[in-house]
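Trainee: Could you take me through one part of this model closely? I would like the aromatic pairs and the loops that hold them, set against the whole.

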Amino acid sequence: MTGYFSSPFERRRSVGVDVGGVVVGGSAPVVVQSMTNTDTADIDRTVAQVAALHRAGSEIVRVTVDRDESAAAVPRIRERLERLGIDVPIVGDFHYIGHKLLADHPACAAALAKYRINPGNVGFKDKRDRQFAEIVEMAIRYDKPVRIGVNWGSLDQELLTRLMDQNQAQGSPLTAIEVTREAIVQSAILSAEMAEEIGLAREKIILSAKVSGVQDLIAVYTELAKRSDHALHLGLTEAGMGSKGIVASSAAMGILLQQGIGDTIRISLTPEPGGDRTREVQVAQELLQTMGFRQFVPIVAACPGCGRTTSTVFQELAQNIQDDIRANMPLWREKYPGVEQLKVAVMGCIVNGPGESKHADIGISLPGTGEMPTAPVFIDGEKAATLRGPRIAEDFQKMVADYIEQRFGQGMQAQEMQARAAE
């Protein structure tokens, strides 16, 4: 029975890439990134959204650079962010005329931490290789890494047509979707080889191969990981809105991550009208945290509720604590080092409540239907208090705040200093 419960996870070895001080690949943890949906030329709105994404936990932020006005805005955006104390790497997303924009706006080329090239639309026919080379040469000149991002919505049609013709000539042809998957993989690998031939170092290249189908994403990245040791960016493109986008992205990337494939991820959610762009960052963090790969925020365990928990108190309390944690994490990361390891339990009845609460750092078991109107609180596995009355929720929230201060704040630091002095 030895090893029966051992984890199959083993991280794929890849070349580490430094993106503005954030390492992607190698032995670095999986990096969370996002992308703005503002007009980059609108400096105020773009700065505000980059700042919001970074505060939410995005470690790299990509912006669209599609015309002269947006390229001219990039260095000003970078300066504004630095004045705000925000040092998040900014990636430029280029399509069609990236070679021209980088050449015409050297300040933009210098301000960006990475360039993203789409080999399917960097240029067409005889212009494709030349314009691709121009962007790579700019990356070499400014010492910037490049993400070669293939997307099947803009796949190199000449390559796809050639592979389709070759497949048709075979005795046992593959299906059209299988050929398309192969074209995606080849586009990424051939483009990386071309960039290296031009002179871009291997540790300056990240690959991505985005599709919008779960099974397609798994198949493409599984094959790409076999045939390349470049760092890989994962993302299900056009994932969709709401729960559909979250489920699809989590299903596809969860399988790949468990296989050790993926060095940086983005959850490409379509926001609701007027919705919060930071939602995709939160989902990416929750995916990595749920799978046990990284720890971003304290975990709040809460039961789903049943006929024994007709009161909404535990639901409201769990929601309030979770919202409070999210709102305070930007400050808590600085003030309370290690607070992301905290585990809180908010349970709704005596069936699993006491046991779950004991497993947490601090937990409460609220009374269910027909139970005594008392709520035992457990701290570090031991019963610490019993709350009663109409202010149970408020009292517990204060206990959580006090526990955080004592364990992760100045109180804990003082205790450690006293312990060291006593030694």
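Mentor: Of the 423 residues in the protein, buried ones make up 49%. The model is predicted, so treat each value as computed from that prediction. DSSP runs give 14 helices and 17 strands. Along the principal axes, the C-alpha atoms fill a box of roughly 80 × 55 × 50 Å. The accessible surface is about 20,000 Å², and carbon and sulfur atoms hold 52% of that area. Charge comes to 45 positive and 53 negative side chains. The centres of these two sets lie 1 Å apart. Now contacts between residues at least 6 apart in sequence: 66% of them join residues at least 24 apart.

Now the close look. The structure holds three aromatic pairs. One of them joins Tyr96 and Phe124. Their ring centres are 6.5 Å apart, with 35 degrees between the planes. That geometry is classed as tilted, because stacked needs planes under 30 degrees apart and edge-to-face needs over 60. Where do Tyr96 and Phe124 lie? Tyr96 is in the loop between strand E5 (90-94) and helix H3 (98-104). Phe124 is in the loop between strand E6 (114-117) and helix H5 (126-142). The two parts are 28 residues apart in sequence, so the pair ties them together. Tyr96 is partly exposed, at a relative accessible area of 48%.

Another of the pairs is Trp332 with Tyr336. Here the centres lie 6.3 Å apart and the planes meet at 70 degrees, which is edge-to-face. Trp332 is buried, at 10% relative accessibility. Tyr336 is buried too, with a relative accessible area of 7%.

Stay with the E6 to H5 loop for a moment. Lys125 sits in it. Lys125 has a positive phi of about 55 degrees, although it is not a glycine. Its relative accessibility is 62%, so Lys125 counts as exposed. Asp380 is another non-glycine with a positive phi, again about 55 degrees. Asp380 belongs to the loop between strand E16 (374-379) and strand E17 (382-388).

For a positive phi at a glycine, go to helix H10. Gly292, just after H10, has a phi of about 85 degrees. H10 covers residues 279-290, which is 12 residues. At 1.5 Å a residue it should span 16 Å, and its end C-alpha atoms are 16 Å apart, so the two agree. Which residues of H10 are buried? They are Glu280, Val281, Val283, Ala284, Gln285, Leu287, Leu288 and Gln289. As background, an α-helix has 3.6 residues a turn, so residues three or four places apart point the same way.

One last site is Arg12. It is found in the segment before strand E1 (17-19). Which side of the cut-off does Arg12 fall on, buried or exposed? Its relative accessibility is 11%, so Arg12 counts as buried, the limit being under 20%. Now leave aside its neighbours within four places in sequence. Arg12 is then in contact with Ala225, Ser228, Asp229, His230 and Leu232. Gly260, Ile261 and Asp263 are also contacts of Arg12.

Methods:
Residues are numbered from 1 along each chain as its sequence is written. Side-chain values use heavy atoms; hydrogens and water are left out. Rings of Phe, Tyr and Trp (its six-membered ring) pair if their centres lie within 6.5 Å; planes under 30 degrees apart count as stacked, over 60 as edge-to-face and the rest as tilted. Helices (H or I, at least four residues) and strands (E, at least two) are DSSP runs, numbered from the N terminus. Buried means under 20% relative accessible area, exposed over 50%, partly exposed in between (1.4 Å probe, protein chains only). Contact means heavy atoms within 4.5 Å. Accessible areas come from the Shrake-Rupley method with a 1.4 Å probe; for residues, only the protein chains shown count as cover. Lys and Arg count as positive and Asp and Glu as negative; His and the chain ends are not counted. The place of a charge is taken as NZ of Lys, CZ of Arg, CG of Asp or CD of Glu. The expected span of a helix is 1.5 Å times one less than its number of residues.
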